[in-house]
Amino acid sequence: MAWFKREKKRIDQPTPPDERRVKTEGLWTKCENCRTTVWKKDLEANWRVCPKCQHHFRLSATQRLELLLDSRWVEHDAALASSDPLHFTDTRPYAARLKDARKKLGMADAIITAEGLLGGRSVMCCSMEFNFIGGSMGAVVGEKVTRAIETAIARKFPLIIISCSGGARMMEGTISLMQLAKVSAALARLDEVRLPFISVLTDPTTGGVTASYAMLGDINIAEPGALIGFAGPRVIEQTIRQKLPKGFQTAEFLLEHGFLDAVVHRKDLKTYISSALDFFLA
Amino acid sequence: MKRDHRSEEIEKLEREVEDLRRLAGPEEPSGELDRLRTEVLQLRREFYEHLGAWQRTLLARHSQRPYMMDYVRLLFEDFHELHGDRAYGEDPAMIAGFAKYHGRPVVVIGQQKGRDTKQRVALNFGQAKPEGYRKALRVMHMAAKFGRPILTFVDTPGAYPGLDAEERGQAEAIARNLREMARLPVPIVVTITGEGGSGGALAIAVGDRVNMLENSIYSVISPEGCASILWRDPAKAEVAAEALRITARDLRELGIIDEIIPEPEGGAHLDHEVSAALLDRVLDRSLRDLLALTPAALLEGRYNKFRRMGQFFEAIRT
């Protein structure tokens, strides 16, 4: 018999391998622009703007509302979802793509429309979600924006739309195209009753969204470096068979060519919009 | 392709019937032959009625298809073209002008493609630039000012996707047209005559009536473009054309267009005069209907027409 005895009980379950390492995964991130390693919490605290080079990372639709609205907001038409009118299938059924996006993001389509307060003033605010099928506009996005405009008219609220979209949604064919006309017609009515519309263009805003509401603001503003255009850069390169100049289709390029009122840093966005609303409504 | 095979078969049958007739001579009783001939005609009609989306795309792009200026020549008198957008330049791909239609002063607007390479290059393949859309809007405002109806003819692969077009605000030009056309207090009749290519088509297609020629197409993206993005294979254009539902019949079912204008059997390119006459009937009726309405009723109707588009929703819980 041994003259010493094990005091503690043997550990019978070894530590699972993923717990053995110190978890540093996800604490740091690399800036897409200047390649600096940034502590993620710093980035989040800075509204996802790189502290070193001021590169603006993409925000989700919800983060956008958090950035601009005073506190809570009331979402409209949250349950409105596409019924896949064309029964469209490419390499995967559109219905399956919708299902995945809904599950991943917990929203029914690519936009949140909400009423809330901005600088103490009631506004209708629409915020697009790029991660939902490229922020594309089908019947649901078109309908929700139109309803938001109609609500703004009925309740005499100013309108703010934050665009972030690849354009019209191909999987709903010509129905998507018609949404451009539908929303623009509603904006004509908003214009008639002299309610302000501020269009905020963020990275990226292209195709049918640029060619309808995004360009129709009383004031059009964009975030630094945002890609904004009608045709995508690849399509243009194929058409003209040459490389595009550096900085082509950026917010700064549009400002230079006269299509934006200002390029506004994310940290100043809320103050800028608030001052604009003061100008329009005070 | 199955359909091409069938069209060859029909042609072969037609030739055989003709041969039989010649063999039979003039004094032979022709009852049996007539029966055969009607059968072949029936087959032909069925064939053209059931053309697929891709076949119709090819017809819509046919180089001999009547273009806007053919219709102007055949249906309008005293046409005078108006040039320039008063801001940057003149875009030959978009034609605007005033004319008389059944004696009535109207404004006509539309894209123009070319028939041969030289013309096509000069007209930029019917792809308008911002100055083209701005010229169209300038002339439409003029029509509204003097209370003249607007007739537009849409036939374009799309707005020009080039560097200069982007610099001058292609998106802004299109967007502005969409908003302004929604509130022009005069009748607007739109006819899609060939290719209705996305935003570049829609920018002159917000109207009180939107009619489409039987073999024209109207789409958010070209079948080739859609195939290369979603299928990552441009060769899938045929499949994409079907999936996008771009034919006149599909769009009538989806509530996007009002009327389908019939074409001569086999396509509008086979007989420009008959095509124009068929278009004339629908165009004239559409315009007369609208002229009976007050400007307020027109605008209300136009708003509601587009407001209703795409009511395909369900409620879900997320």
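A salt bridge is here a side-chain nitrogen of Lys or Arg within 4 Å of a carboxyl oxygen of Asp or Glu. A:Arg147 forms such a bridge with A:Glu143, with the closest N and O atoms 2.9 Å apart. Both residues belong to helix 5 of chain A and are 4 residues apart, about one turn of the helix. Helices (H or I, at least four residues) and strands (E, at least two) are DSSP runs, numbered from the N terminus. Over all chains, a search of the whole structure finds 47 salt bridges.

The model is predicted: local features need pLDDT of at least 70 and side-chain atom pairs count only at pLDDT 80 or more, while totals for chains, interfaces and linings use all residues. Residues are numbered from 1 along each chain as its sequence is written, chains are lettered from A and ligands numbered from 1 in the order in which they are written, and side-chain values use heavy atoms, with hydrogens and water left out.

**Interface of chains A and B**

With contact defined as heavy atoms within 4.5 Å, 61 residues of chain A are in contact with 51 residues of chain B. The area buried between the two chains is about 4900 Å², of which carbon and sulfur atoms give 70%; buried area is the accessible area (1.4 Å probe) that two parts lose on being put together, summed over both. On the chain A side, A:Met170, A:Met178 and A:Phe230 lose the most area to chain B, together 14% of what that side buries.

Between chain A and chain B there are 5 salt bridges. In one salt bridge, the side chains of A:Glu192 and B:Arg183 meet at 2.9 Å, N to O. The interface also holds 18 residue pairs in polar contact, both residues at pLDDT 80 or more. A polar contact is a pair of N or O atoms within 3.5 Å; within protein, one must be able to donate a hydrogen and the other to accept it, and residues adjacent in sequence count only if both atoms are side-chain atoms.

The elements of chain A that give two or more residues to this side are strand 4 (80-82), helix 5 (139-155), helix 6 (173-192) and helix 8 (233-240). Helix 6 of chain A supplies the largest share, 18 residues. By class, the side of chain A that touches chain B has 35 nonpolar, 17 polar and 9 charged residues. Ala, Val, Leu, Ile, Met, Phe, Trp, Tyr, Cys and Pro count as nonpolar, Asp, Glu, Lys and Arg as charged, and the others, Gly among them, as polar.

**Strand pairing**

Two strands pair if DSSP finds at least two bridges between them. Two pairings are listed below.

| Strands | Sense | Bridges | Opposite residues |
|---|---|---|---|
| Strand 4 of chain A, strand 9 (residues 313-315) of chain B | antiparallel | 3 bridges | A:Leu80, B:Ala315 |
| Strand 9 (residues 219-222) of chain A, strand 10 of chain A | parallel | 2 bridges | A:Ala222, A:Val263 |

Within chain A, 7 strands form an open sheet of mixed pairing in the order 3-5-6-7-8-9-10. Strand 3 (74-76) and strand 10 (262-263) of chain A stand at the edges with a single partner strand each, so one side of each is left without a neighbour in the sheet.

**Domains of chain A**

The domain assignment, whose bounds come from an automatic or database source, gives domain 1 (1-57) and domain 2 (59-281) of chain A. Their C-alpha centres lie 36 Å apart. In contact are 7 residues of domain 1 and 8 residues of domain 2, and the area buried between these domains is about 710 Å², of which carbon and sulfur atoms give 60%. The count of salt bridges between them is 0, whereas 5 residue pairs are in polar contact (both at pLDDT 80 or more).
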